[in-house]
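Trainee: I would like a close look at one part of this model, the nonpolar core. Please take me through what lines it, and then place it in the rest of the chain.

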Amino acid sequence: MRIFFLCCFAIACIQVQAQVKGKVTDAQSGNPLPYATISLFSKLDKSLVDGGITDENGLFSIDTKPGAYFAKVEFLSYETVTVENIEVKKGETDLGNITLKSAAAQLDEVVVQAEKSTMQLSLDKRVFNVGKDLANAGGNAAELLSNIPSVQVDVEGNVSLRGSSNVRILVDGKPSGLVSVNGSGGLQQLQGSMIERVEIITNPSARYEAEGVGGIINIILKKEQRNGFNGSVDMIGGYPANYGLALNVNYRHDRFNFFINYGITHRTSPGRGSMYQRTFVGDTTLFYRRSSDNNQILFAQNARAGLDFYFSPKDVLTASYSLRRTDGDRTVKYIYRDYLFEGGDPTRIFTRKQYEVETEPYSEYALNYKKTFDRKGQEFVAEARVLNYWESSDQDYTEKYYDANFQPTGEADRLQNSYNYESEWQYLLQADYVQPISKEGKLEAGLRSSIRDMDNDYIVTELVNGNWETIGGLDDRFLYLEKIHAAYGIYGNKIGKFSYQAGLRAELTDIKTELVESQQKNPRSYKNLFPSAHLTYELPKENAVQVSYSRRIRRPRYNDLSPFVTYSDERNYWSGNPDLNPEYTDAYEAGHIKYFENGSLSSSMYYRHTKGKIQQIRRVNSEGIASSLPENLSTEDAFGLEFTSAYTPAKWWKLDGNFNFFRSITDGGNLGSQYQADTYSWFARLTSRFTFWKNTDLQLRGQYEAKQLTAQGYRKPMAFLDMAISKDFWKNNATLTLNISDVFNSRVYRSVTKDATFYTYSEGQWRRRQINLTFSYRLHQQKKKKSALEEGE
């Protein structure tokens, strides 16, 4: 292998006759722009000759032959710059610092292309400009993520990436209570209009925390840094009821940059579900059907404000505060029908109605300092965060009993109540340093410590003879304390066309759980090393390949460990498992990216080997009562092939496509021979966008998810279509968008779960067809003369 690399390097050195290099930065802030695309064209015949992408410091170098060229420099949400009259001679030709301005800024000194790119591809991450996707208008963060290639959102709002549900979701590169405190619920409460872009990182380096086997989804919130007053206003109306207002504002003057995001929404979310189950008890088979209708009414407010203070152009301190409060009520009605024979009349019918009132306030304080040194690429970043959250959930249950003709039997109603109070504090300290070494190399190092302290008080009572009595085993207090300390180091360099990076992350985890009333304690402590490696080789004609490896972990989360049982469904119970262990994954990936004049194509092959795979296991007793809890399976091996492409066949037509084919082999032999699965599955998504007349766009998106086997059954295929149309007016400062999610109301999740004792078929639709009308207005103040601070004097 060593000889192979030496030979390739020797060949590359022989072929290189000249090199074009430079740096790409933001015109206002001066910050480097990583993963910007540079395309080099022949001045003689306008043909594409070569190209490349910038590294994390905004630097690029392109090996080519001497001659006359021009270059195009492109980056997501920035306007394209054309650099004319490039005369390349032997040796190095330095284009210097190339500045890009936001697509909203006024340009007159360069040739630009005003259209933003919806998707920006690079080898180790993909960036999606979600504001340019018409299907996202009026939606929340969970709906926004469901429109991104490789990402799937299930019936409960849980997110998976490339078929893996173990995904780490960050906000602005850090864990945040905006999405992580309440899991999928937090995503559903965050308005999509507050989000600028989303980054998908499928095989992270040691720089990132090791949590997240499937990869990392990084949500970037809106924050302007241009001079003067800038912002946007979004107003939303929809059916089923979806009304909202979002405001994003910033003001930049001299040393200060003030920003604020505020969103308020009132939303009704109707849903439905059904279940059919057979339970085998000796020679007897029990049958029942369950149907459900649910409706959630949500009133949520999200606010985020902050201040950047520039001690100098290279020293900035940022303080921010985030506040979210959600008030909601949920009504769910279940109808149960018992049968003696399949296809016969029911022998018994009863209903169970749940009414829940829930309050969730959350607040987060953050302080960030960034120091950029005179040497290019050298920087220091430190951050501190404190998060506080509590949730109060009061649920009433009423059961009523009927005969086979749905007439009341006269039996007394059954009344129960479940009350849950949960509070949490989170603390985070982190510091990162980057030190350039030699011409192309750099050394990175960092420290991180986090503490999560949770307290959950839970009780279920029932009305018996006029008195509320506690149901046995359902009154306790669960304490959860998590401490994770980490340190990492990364070294990277470039030799000719080869770029390499190797890193190691060490993490110490200490978790303590305690059930106060039953006096059960379960401490866990473990130390782990997480290596990572990335190797990139630049090919001619805007091609590049990369191979990478990382070791990842999924720690059992709070809900995975909490033994408290959900009590809404009389015959289906879910709980955590205090004895759950973490799962570990070795992830390998090989990727290729090709840029061409009208688009780009990214392809990758990946393999993940997981030990201690965490998966929900369902068991049914002889009375047909089911319980589900997470358990560790022996192993899972996942293989996959993915293609992602952006193509512009004509000025008025843009296409984005994604195709993922994978195989997953699950071995749950440690639990029993029946917990085995070997599945092939695939999903595909195609987005087609047309521009008609002036400033009018039509977008169609279709998605198909094929059948997939699980350890206990399979998930049935699903297909759906979204449609949207938008019109820009008032000098492109305003946009009106009409979008329809799930045009044919076909986004229904259907699954089969079975073993030797039962067979269960279920389906659910958490997100019915939604129609939204969104009005957006962008506020821009004319560019002012730069201050002495911004000039760097």
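Mentor: The largest nonpolar core has 23 residues, and those with the most contacts inside it are Leu 145, Ile 148, Val 151, Val 198, Ile 200 and Ile 217. Bear in mind that this is a predicted model. Seven elements are listed as giving two or more residues to this core: helix α2 (141-145) and the strands β10 (151-153), β11 (159-161), β12 (167-171), β13 (195-201), β14 (215-221) and β39 (718-729). The element that gives the most is α2, with four residues.

Val 151 shows how these pieces meet. Leaving aside residues up to four places away in sequence, Val 151 touches Leu 145, Ser 146, Val 159, Ser 160, Leu 161, Ile 200, Ile 217 and Arg 685. Among these partners, Leu 145, Ile 200 and Ile 217 are also listed with the most contacts inside the core. There is a second core, separate from this one, with 22 residues, including Tyr 397, Met 454, Phe 530 and Tyr 567.

Turning to the strands elsewhere, one open sheet has three of them, in the order β28-β32-β31, with mixed pairing. Its edge strands, each paired on one side only, are β28 (572-574) and β31 (614-620). From one strand to the next the twist averages 30°. Within the sheet, β31 runs antiparallel to β32 (residues 626-632), and seven bridges join the two. One of the bridge partners is Pro 630 in β32, which is matched with Gln 616.

A polar residue away from the core also deserves a look. Glu 364 lies in strand β20 (residues 346-372). Its relative accessible area is 4%, under the 20% limit, so Glu 364 counts as buried. The side chain of Glu 364 makes a polar contact of 2.2 Å with the side chain of Tyr 362.

For the setting of all this, the protein chain has six helices and 43 strands. It is 793 residues long, and 53% of them count as buried. Of the contacts in the chain with a separation of 6 or more, 66% are between residues 24 or more positions apart. The accessible surface of the chain comes to about 34,800 Å², and carbon and sulfur atoms account for 56% of that area.

Terms used:
Residues numbered from 1 in each chain as written. Predicted model: local features only at pLDDT ≥ 70, side-chain atom pairs only at ≥ 80, totals over all residues. Heavy atoms only, no water. Buried < 20%, exposed > 50% of the residue type's maximum accessible area, 1.4 Å probe, protein only. Polar contact = N/O pair within 3.5 Å; in protein donor to acceptor, adjacent residues only side chain to side chain. Core = buried A, V, L, I, M, F, W, Y, C linked by side-chain atoms within 4.5 Å. Contact = heavy atoms within 4.5 Å. Pairing = 2+ DSSP bridges. Axes fitted to C-alpha atoms, helices over the stretch in contact; angles between N-to-C directions. Areas by Shrake-Rupley, 256 points an atom, 1.4 Å probe, with all protein chains shown as cover.
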